[in-house]
Structures are given as structure tokens and as C-alpha cells.
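Colleague: I am new to this model and would like a close look at one part of it. Please take one pair of packed helices and describe how they meet.

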Amino acid sequence: MALRLGCLRPQHRTGAIHLAAALCALLLALAPASGATYVPLLGINYGRVGNNLPPPQAALPLLRNLGISRVRLYDPDPATLRAFARTGIELYVGVPDQALATVADPAGATAWLKSNILPSLPDTKIVALTVGNEVLTGNDTALIRNLLPAMQALHDALAAANLDKQIAVTTAHNLGILGTSYPPSAGAFRKDLLPVLCPILDFHARTASPFLVNAYPYFAYSDDPKGIHLDYALLEPSYPGVPDANTGLHYPNLLVAQVDAAYHAIAAANSAAARTVEIRVSETGWPSAGDAAEKDAATPQNAARYNSNLMRLVAQWKGTPLKPAVPLRVYVFALYNENTKPGPASERHYGLFNPDSTPVYQLTYIPAHVPGGGGAGDNTTGGDNGYYDISAAAPQPTGRWWTWAQAAVAGGVALLMRAV
């Protein structure tokens with residue numbers, strides 16, 4: 001699994017205003033924030049690869065204060081599923097790679113659902129199963145061979161239990177599945193993966209399930225800091241913008257360009273599926289620290305800027321330049337820093353929170369009014385990375401700045417609201 005997290009500095013205030021903010025924070029920690037605006041298209045990845053993480057119940061006030069009602073889990077841990085029972089939070093639940101051989105068999109899929117998913121229903125709101133993670137860009141041929149049969153067998157087992165309209169089946173892909181990605185209009189899948197991806201796209205079209213991509217502008221920038229402007233990778237709305245010469249579309253940031261490259265790849269591979277299949281970003285983020293080779297890119301300031309801009313972008317309820325009518329759905333990586341993840345130091349520093357539930361850095365974002373509802377009651381489901389650099393300016397929304405301050409009150413993290 002590829003791991004993963006841009007900084008608006010708060011203005012100095014007088015002591016009286018600081019006191020008022022602190023009192024506001026206390027109230028927000030003790031009662032629901034009725035004035036906060038939900039960002040219902042925004043979700044977060046809750047990984048647990050750490051030996052110092054708090055119990056899953058500790059995640060609930062953090063999610064509530066962020067206004068997040070969608071969570072992606074990487075396995076069906078019973079204690080975690082119980083913690084989300086009767087909360088209204090929508091869950092994507094992972095089917096671990098090691099289970100794929102078992103669930104590729106119809107009887108195995110039925111037994112796996114009976115043991116891992118059915119006991120949590122209906123109290124826990126599970127809306128999708130993600131079968132494996134970044135399987136096609138790995139080197140395990142058995143996993144690749146079992147991926148689609150596992151997806152199909154789980155969907156059939158859900159249908160037999162009359163749950164296929166409630167729980168979608170999908171898988172998450174690394175953008176390394178793209179052989180060409182710049183400009184977005186030239187997006188195409190790796191030729192060697194087409195025999196596997198084409199029937200997977202047929203499955204998504206037939207079952208109305210989303211196509212998930214793990215998209216990280218951080219990797220593109222860290223691999224080519226001279227060729228990719230930092231503001232473009234950090235989703236800064238002030239970046240001037242560069243058109244795709246083939247389409248004339250302007251791209252406000254690298255993330256939406258990555259998504260549109262994947263849309264173009266789907267259209268090139270399977271024109272029928274391209275008419276119905278929706279892409280959702282199952283992981284994106286920016287690390288707040290890294291090894292010596294990563295220290296220029298992986299900083300708390302860049303992580304705060306990226307995730308602040310990401311939340312603002314999603315709150316606008318807009319799509320990509322190619323698909324403006326399809327609002328962008330995004331899962332931030334990740335809830336916590338996970339101290340036992342393998343790989344470079346950045347892998348262990350994608351969290352918004354430390355294990356003690358304090359923020360890793362100050363995060364600011366603009367919650368925007370979201371037309372058409374959503375939120376907790378919305379039950380809609382539906383290696384070598386080829387990255388690139390194009391961009392365009394995005395409109396700056398109006399509203400209130402929300403400052404996510406480092407204040408832990410009664411075991412929760414407060415939001416301090418500052419109007420500017």
C-alpha cells in the first residue's frame with residue numbers, strides 16, 4: 001500500500017479574542033457544533049498499523065469535530081466495527097489481500113461475509129467492501145488472478161443475502177495502473193493490465209460500483225520537484241492554471257488532473273463502462289515528516305496546506321474539469337500517524353492526529369454550503385507512478401475560516417472558529 005498529507009497561518013489576536021476562542025472551543029468540545037457545516041463528500045482513512053494507537057472509540061470525537069461521516073477501514077476488525085455502530089458513519093470495509101484466495105470461491109465468500117460483515121449489520125452502516133488494496137501494481141500474480149473472482153463472489157454472496165443494493169463491492173488502485181497520464185486527455189492504462197482491467201470495468205458498470213484510485217500529488221512532486229510547481233501539487237487556488245492542449249480544459253491542481261487522466265484511461269479501455277463508472281479518490285494526503293531525502297517536501301506546513309486546500313476543494317461540491325457534474329468524493333489519508341508502517345519515514349507521518357488525539361499541525365479550511373444534502377444520512381454508493389504537471393486557477397469561496405487548533409478538552413479535540 002502506498003502511504004501518504006498544505007498552511008494558512010492564523011492572524012494574531014488580542015488576549016480577549018483568544019479567551020473568547022478558548023471558551024468557544026470548550027463549548028464545542030462539550031456539545032455538538034450546530035453552526036458547523038458538514039462536508040459530506042469528504043471521508044478519511046482509518047489505518048491501525050501502530051502499536052500506540054488509542055481504542056477505536058477515541059476516533060469518534062475527532063471525526064465529529066471534523067464534520068466527517070465517511071470512513072475507510074482496511075480490515076473488518078470486530079472492535080472497530082462495534083465502535084461505529086449506531087453512529088450513522090458510513091464505512092468502506094477492506095477485504096485484506098490475504099483473504100482474496102478464500103473469498104474468490106463462492107462458498108468462501110459467503111462464509112467470510114457471515115463471519116466478518118453480517119454480525120455488524122444493521123447497526124453499523126457498511127456501504128462498500130474494498131477487495132484488496134493496490135493489487136494490480138504489486139508483483140503477486142496469485143492476488144491479481146484472484147481479484148476479480150473475489151469481487152464477483154462477494155457481490156453474489158451479498159445479492160443472495162439481499163444486501164447488494166446496500167453494500168457495493170470495489171477495489172482501490174494505485175495510479176501506477178496508468179501507462180500514460182500527461183496530459184490528462186492522453187490518460188491510458190498500462191497495456192499489460194488491460195486484460196485484467198477491462199473485465200473489472202465491466203463489473204463496475206454492471207454493479208454500479210465506484211472505481212477507486214489512490215492519488216497522491218505528493219509522490220509526483222517529490223519525484224520531480226523541478227518539473228512540478230509546489231503550489232500546483234498543494235492544490236493552491238491561486239496557482240494560475242495550465243490547459244490540456246488537446247481538450248482546452250484548465251486544471252486547478254494536480255489531484256483533479258490525476259482523476260481526469262484515470263477517466264480518460266477508462267474511456268480508452270472500455271467506452272461502455274466510461275458512460276456510467278464514477279471515479280472516487282480512496283486515498284490522498286501529504287506527509288508531515290520524512291527522511292533526509294524527503295525533508296524539503298514532507299513538512300508540517302506542506303501537509304497542512306494540502307489537506308486544508310483539499311477540504312476546501314471537496315466542500316465546493318464540484319467535479320473535475322472533465323466531469324464537472326460529478327462531485328469529487330475523497331478519502332483523506334489518514335486519521336492517525338501509524339508508527340509501525342514499513343518504508344521511508346514519510347509512511348509513518350500521514351496522520352492528521354497523533355496517537356494521543358492531538359493534531360499533528362494546525363489545519364484550516366472553509367466549510368461551504370453543500371446543496372442537495374449528504375452527510376451521515378447519505379447512503380449513496382455506488383510501484384512506478386505516471387504523474388504529470390498541469391494546472392488552472394480555482395475560484396476562492398467565501399465564508400468563514402475554521403481553525404483546527406491544538407486544544408484537547410475532555411479527551412476531545414476542539415475546533416476554534418475564527419471569522420476573517
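Modeller: What follows describes one helix pair, after a note on the model.

This is a predicted model, in which local features need pLDDT of at least 70, side-chain atom pairs count only at pLDDT 80 or more, and totals for chains, interfaces and linings use all residues. Residues are numbered from 1 along each chain as its sequence is written, and side-chain values use heavy atoms, with hydrogens and water left out.

The protein chain has 12 helices and 17 strands; these are DSSP runs, numbered from the N terminus, with helices being H or I of at least four residues and strands E of at least two. Two packed helices are described by the angle between their axes and the distance between the axes.

The pair here is α5 (residues 106–116) and α6 (residues 141–160), which pack at an angle of about 60° with axes 8 Å apart. Axes are lines fitted to C-alpha atoms, for helices over the stretch in contact, and angles run from 0 to 180 degrees between N-to-C directions. The two helices are therefore oblique to each other (under 35 degrees is roughly parallel, over 145 roughly antiparallel, 65 to 115 roughly perpendicular, and the rest oblique).

From α5, the residues P106, A109, T110, W112 and L113 meet A153, L154, A157 and L158 of α6, where contact means heavy atoms within 4.5 Å. By class, this contact has eight nonpolar residues, one polar and no charged; Ala, Val, Leu, Ile, Met, Phe, Trp, Tyr, Cys and Pro count as nonpolar, Asp, Glu, Lys and Arg as charged, and the others, Gly among them, as polar.

After α6, N162 lies in the loop between α6 and β5 (168–174). N162 has a positive phi of about 55° although it is not a glycine.
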